[in-house]
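Student: I have a protein model open and I'm new to it. Could you walk me through what stands out?

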Amino acid sequence: THAQDAQKLAARLTEALTSAIAIDGNEVPLRYQLGSAVAETSMDAAEIMHEAELAANQGRSENDRLPA
């Protein structure tokens, strides 16, 4: 399903973004926000945008709980 595909993609992105990068010999941790929304066929554009906004807010909330 589309929801499962979105979850798999989110997991792959999270795995790719969890390591630090080296800049001028210094390790810099990456911070990111990730949210996903899957539209139902009966949803209009406003409902899809609302769901996407909720997902983005949830991604921000989860990111705020991660250690810096």
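Student: How much of the protein is made up of buried residues?
Tutor: Keeping in mind that this is a predicted model, buried residues make up 9% of the 68 residues in the protein.

Student: And what about the area the protein exposes, how much is there and what do carbon and sulfur supply?
Tutor: The protein exposes about 5700 Å², and 53% of that area is supplied by carbon and sulfur atoms.

Student: OK, switching to the fold, which pattern does the protein follow along the sequence?
Tutor: Reading along the sequence, you meet the pattern α-β-β-α, built from two helices and two strands.

Student: Back to the surface: which residues form the nonpolar patch there?
Tutor: The nonpolar patch is formed by Leu9, Leu13, Leu17, Ile21, Ile23, Val28 and Leu30, which together have about 500 Å² of accessible area.

Student: Which element gives the most to that patch?
Tutor: That is α1, with three residues, and both α1 (2-17) and β1 (21-23) supply at least two residues each.

Student: Where does Leu30 lie, then?
Tutor: Leu30 lies in the loop that runs between β2 (26-28) and α2 (45-64).

Student: And why does Leu30 count as partly exposed?
Tutor: Leu30 counts as partly exposed because its relative accessible area is 32%, and the partly exposed class lies between the 20% and 50% cut-offs.

Student: Last one, on contacts: what share comes from residues 24 or more positions apart?
Tutor: Among the contacts in the protein with a separation of 6 or more, residues 24 or more positions apart account for 37%.

Technical notes:
Residues numbered from 1 in each chain as written. Predicted model: local features only at pLDDT ≥ 70, side-chain atom pairs only at ≥ 80, totals over all residues. Heavy atoms only, no water. Patch = residues over 30% accessible without salt bridge, like charges linked within 9 Å, V, L, I, M, F, W, Y side chains within 5 Å. Areas by Shrake-Rupley, 256 points an atom, 1.4 Å probe, with all protein chains shown as cover. Salt bridge = Lys/Arg side-chain N within 4 Å of Asp/Glu carboxyl O. Helix = DSSP H or I, 4+ residues; strand = E, 2+ residues; numbered from the N terminus. Buried < 20%, exposed > 50% of the residue type's maximum accessible area, 1.4 Å probe, protein only. Contact = heavy atoms within 4.5 Å.
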